[in-house]
Structures are given as structure tokens and as C-alpha cells.
Amino acid sequence: MDASIYLDRQYGQPPCWELVADVYATEYGSDVGRYAVVTGTIREAAQKFALHIATDPHGFARLSEPVEGCIVLIGSPRAGLHHAGVYTDGKLLHALRDSVFLEPLESVADRYKLIEFWGRP
């Protein structure tokens, strides 16, 4: 995947999940956009993301280690899982309100202590 094509794009709400949906539609032909649930708290939304991913016919399962193209859910013990991105080439491609970032997963792990990887086994 050429992550650079996503770096100059801007996404609606929630931007992290809009980016994930864009990547999955563009790279894999999968519609995961409907997983975006913007009601409730951030923690509730992340729990709904995980539930949708785990029960969807796309065949996602929680992985013990990241693999190319897997969905990454991240957060903190206090806030729970509340952010999403896509793992590519050892980095996390993710979006915040104003920017898209591609940064080493290790850097992200230093800031976010909860990390889950979801992909097709």
C-alpha cells in the first residue's frame, strides 16, 4: 500500500474511522465505513467498532500481532479504545481532526497503552 496517497486528504467525523474506511475501500474493496458509530462516548464508539469488526462477514478477527493492512484500535486505560488506523510497513496510518499521520507503531505505543489489531486471519 502506498500510504502517501492518504497523507494530504481530509476526513469527516470521526476522521480516524473515515480514513480506515477510505483505505479499505481503495485498497481492499471492502465497505467498513458503516462501522463508524459517532453517538455516545468515545469509549462506546470504540466498543461498537470492535463489535462490528468482530461480527461482520468481512471475516475480521483479533490478531496477536499486526499484519500489513490490519485495523489498529488504540486508546488508554482511562479513556478506553477510542482511535483507529491502519498498519502498514511497520507504521500506523491514522487521522486526527486536521491531519493524517504515518508514524512508527512504537511511537504510537508510547502514547497509547491499549492497542488491538484486527484483520483477516
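The exercises below work through a predicted model, each with a solution given in steps.

**Exercise 1. Establish how many helices and strands the protein has, and in what order the elements run from the N terminus.**

Step 1. The count gives three helices and six strands.

Step 2. Read from the N terminus on, the elements follow the order α-α-β-β-β-β-β-α-β.

Step 3. For the setting of these elements, note that buried residues account for 45% of the 121 residues in the protein, and that, among contacts between residues at least 6 apart in sequence, 54% join residues at least 24 apart.

**Exercise 2. Decide whether strand 2 (residues 71-76) is largely enclosed or not, and identify the strands with which strand 2 pairs.**

Step 1. Six of the six residues of strand 2 are buried, so the strand is largely enclosed by the rest of the structure.

Step 2. In a regular strand, side chains alternate between the two faces of the sheet. Taking the faces of strand 2 in turn, Ile71, Leu73 and Gly75 are buried on one side, while Val72, Ile74 and Ser76 are buried on the other, and both faces are therefore covered.

Step 3. Strand 2 pairs with strand 3 (residues 80-88) in the antiparallel sense over six bridges, and a hairpin of three residues connects these two strands. Strand 2 is also joined to strand 6 (residues 114-119) by five bridges, again with an antiparallel run.

Step 4. Isoleucine 74 illustrates both pairings, since its bridge partner in strand 3 is histidine 83, whereas in strand 6 isoleucine 115 stands opposite isoleucine 74.

**Exercise 3. Determine whether alanine 3 is buried or exposed, and name the residues that alanine 3 touches.**

Step 1. Alanine 3 lies in the segment before helix 1 (15-28).

Step 2. Its relative accessibility is 7%, and because buried means under 20%, alanine 3 counts as buried.

Step 3. Not counting residues up to four places away in sequence, alanine 3 touches Thr88, Leu93 and Leu102. The C-alpha atoms of alanine 3 and aspartate 89 are separated by 9.2 Å, although these residues are 86 residues apart along the chain.

**Exercise 4. Describe the largest cavity by its volume and by the residues that line it.**

Step 1. A search of the whole structure finds one cavity of 30 Å³ or more, and the largest cavity has a volume of about 40 Å³.

Step 2. The lining is made up of Arg9, Gln10, Tyr11, Pro15, Ala95, Leu96, Arg97, Asp98, Ser99 and Val100.

Step 3. Sorted by character, the lining residues comprise five nonpolar, two polar and three charged.

How values were computed. Residues numbered from 1 in each chain as written. Predicted model: local features only at pLDDT ≥ 70, side-chain atom pairs only at ≥ 80, totals over all residues. Heavy atoms only, no water. 1 Å grid on protein atoms, 1.4 Å probe; cavity = no way out; pocket = protein on both sides within 12 Å on 5 of 7 lines; lining within 4 Å. Points joined across faces, edges and corners; volume = space filled by probe spheres on them. Nonpolar A, V, L, I, M, F, W, Y, C, P; charged D, E, K, R; others polar. Helix = DSSP H or I, 4+ residues; strand = E, 2+ residues; numbered from the N terminus. Buried < 20%, exposed > 50% of the residue type's maximum accessible area, 1.4 Å probe, protein only. Contact = heavy atoms within 4.5 Å. Pairing = 2+ DSSP bridges.
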